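User: Could you take a close look at one helix for me and explain how it sits in its surroundings? I would love a connected walk-through.

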2 protein chains.
Amino acid sequence: MIFFDNAATGAIKPNCVYEGAINVMKYLSINAGRGSYRLALYADELIYKTRKEICSFFNGYSPERVIFTKNCTEALNVAIFGTLKKGGHVIASAYEHNSVLRPLYNLEDKGLITLTIVKPQNGAVLKEDILNAITPKTYLVCLTGASNVTGEINDYEAIGSLLKQKGILFLVDGAQIAGHAFIDLKEQNIDIFCFSGHKGMDALQGVGCLIFNKELEIKPLTFGGSGSETFSKTPSGYPELLESGTLNLPSIISLFHATVYTKKNFTVKQKLMLELTDYAVKNLKKIKGVKLYSKQNPIGIVALSYNDYYTPEIAGVLGDKFDIATRGGFHCAPLCHELLNTKQNGLLRLSFSWFNDKKEIDYFIEKLLKVPLYVY
Amino acid sequence: MIFFDNAATGAIKPNCVYEGAINVMKYLSINAGRGSYRLALYADELIYKTRKEICSFFNGYSPERVIFTKNCTEALNVAIFGTLKKGGHVIASAYEHNSVLRPLYNLEDKGLITLTIVKPQNGAVLKEDILNAITPKTYLVCLTGASNVTGEINDYEAIGSLLKQKGILFLVDGAQIAGHAFIDLKEQNIDIFCFSGHKGMDALQGVGCLIFNKELEIKPLTFGGSGSETFSKTPSGYPELLESGTLNLPSIISLFHATVYTKKNFTVKQKLMLELTDYAVKNLKKIKGVKLYSKQNPIGIVALSYNDYYTPEIAGVLGDKFDIATRGGFHCAPLCHELLNTKQNGLLRLSFSWFNDKKEIDYFIEKLLKVPLYVY
């Protein structure tokens, strides 16, 4: 099988990730933060070490402000609902995923916020686009680090600096940039950063992260046992306040190992993504009927259309007939397709990881050329 | 190490659970419900099989009404917030865990519900206790299947039948009963059932479940990508509506294997729990200074106090000096300790699993007798 759907979930993880998770599954099946016996204390230590490692990798604010969630979607929901200012104004971009848009629509539909969607004119969402959308009531800007459809990177560094001046909260959806693009939360003035473990970070499924600024208060969406302060109505501090219930230790520890691995191999991985997207773009350009929606990028995403085929059908043929995993359709990003005028057929997305190579792209192109034989 | 903290997380899982999860981690790292390639379709099939298996094991309402969450706490929060009737009245018991109490307190503090806590007089929460608390505004009763502190089983069958007559929703927190006590959701008239995978069900961490009645509508707490209906503001059907973001496939599949295993070994496991709790209770009774708060039970829990020691200190000595994992303190169940008058020292809890035996209990008792030597 050729696997080009790594922006959904990375298919192959580094060995250290499997080993770390399997060790915990088998020999440290413990409810962290509860007991005081040897293994429980060890589990607490590993979890703290993971918070510290992640905090350091992204230059976050403090390990206590690294919150483990089940996925990036949960992290984004906690961030959006937990910072709500009733009657306020929120800005998001047309590149946002439904994990940002749907929570915002929910607040808008209830009349709790007003929402402005910024449409980039040509490529990335720029500082100027955001600046023009700011009103006196704007308290939050939600921006994806890169489009999950095209791999287009937004100018979050410049936007972070603008929003800092304006005193507006800046939330970056890092689902596609974590592990791929350079991120320094303090330097880039990102107040809230959400990402998932299982995509570019190369950890297992079952863990996402919410990292946030020390000065910020985020209210919880769920309430439950916290292993401390049993007699109070809610825990008083972070991370406990945002982590009710049993933590998923194997996935969290997989993220520890994945972060160490990613830190070590960041430059190599980034170079490879740039090479593979460049190679794919250059070679796909030559094919009649292919329209490209991506340029070379470190995210590892290349989006395209082919003739007037419905892209889920192309993905179906590639999967069924040639065992090539790609994704057709809309990628949970409705406004992006409106922007790109691809609402009818969607886009075919290739997304690469560290284990992919150019020969696989050659094979893909060879088989793509055969798709017309199968499309009715 | 002797591990008696299985009511928090079962320390050893059946081999089929490890194998099932590891296979998925390594060879099926796929974002289920999204792609159309071979492995993606296989992942979808396994997830549906898991819903079916769980639905059948608990005699639930339909596989589509088996919702995967990250833990039992999330399931309970979704159930409680998602069925809110503003201005209504909710009943819960003094045995509830903070994962039920804290969401309810949150609603009460916001003035959205009124709340009555039923205090059992002597042992289990009985039908009569609930009946007396019902008002014309009561729309929901939340009851733990068994106390996570003492293992006391509530009479959920009789209460289910009462609530059905009255047309009141019945939510059972199954965190401690799933895998231990007989559950038949339809027969026992349980409308909503929440449980965690990693306790009595013997699955891995990272998966909980919410099962609910076909006639019921539960609103989501979080919103995000659902792999379908990209252009609508929320997905229209279950399970998608309550499962936004990437599912944790390894843990979910571990729950499939764990459910098959539990079904096969249910009677043997139940007999063992009854034997171990009986043995522990009988032998602990003989020790001067020990006060028992549990009787024989299929949940596998025995709670006790010893002299006037602070129970986290006892657990500390047992862990540090003798490598015995138990839990002292309050177990996230504040009202239970008020009820039992154990708010000062908490309770020491032993909780057993399928791999424990009587010799370990003997060893525990031998070492418990030495605790006074270490307590200051």
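Analyst: Happy to help; what follows is a look at helix H1 of chain A and the contact it belongs to. Please keep in mind that this is a predicted model.

Let's begin with the helix itself. H1(A) has 13 residues, which at 1.5 Å a residue should span 18 Å, and its end C-alpha atoms are indeed 18 Å apart, so the expected and computed spans agree.

Next, which residues of H1(A) are buried? They are A:Val17, A:Gly20, A:Ala21, A:Val24 and A:Met25. Viewed down the axis of H1(A), the buried residues fall within an arc of 130°, so they line one face of the helix. On the other side of H1(A), the picture changes: A:Asn15 and A:Tyr27 are exposed.

What covers that buried face? The cover includes H7 of chain A together with helix H1 (15-27) of chain B, which brings us to the contact between the chains.

That contact takes 65 residues from chain A and 65 residues from chain B. On the chain A side, the elements giving two or more residues are helix H1 (15-27), helix H2 (38-57), helix H3 (72-82), helix H4 (98-109), helix H7 (249-285) and helix H8 (311-322). The largest share, six residues, comes from H4(A). Sorted by class, the side of chain A that touches chain B has 25 nonpolar, 29 polar and 11 charged residues. H1(A) is thus one of the helices listed on that side, and H7, part of its cover, is listed there too.

How values were computed
Residues are numbered from 1 along each chain as its sequence is written. Chains are lettered from A and ligands numbered from 1 in the order in which they are written. This is a predicted model: local features need pLDDT of at least 70, side-chain atom pairs count only at pLDDT 80 or more; totals for chains, interfaces and linings use all residues. Two residues are in contact if their C-beta atoms, placed from the backbone, lie within 7 Å. Helices (H or I, at least four residues) and strands (E, at least two) are DSSP runs, numbered from the N terminus. Ala, Val, Leu, Ile, Met, Phe, Trp, Tyr, Cys and Pro count as nonpolar, Asp, Glu, Lys and Arg as charged, and the others, Gly among them, as polar. The expected span of a helix is 1.5 Å times one less than its number of residues. A residue is buried if 20 or more other C-beta atoms lie within 10 Å of its own, exposed if 12 or fewer, and partly exposed in between; C-beta atoms are placed from the backbone. The arc is that of the directions from the helix axis to the C-beta atoms.
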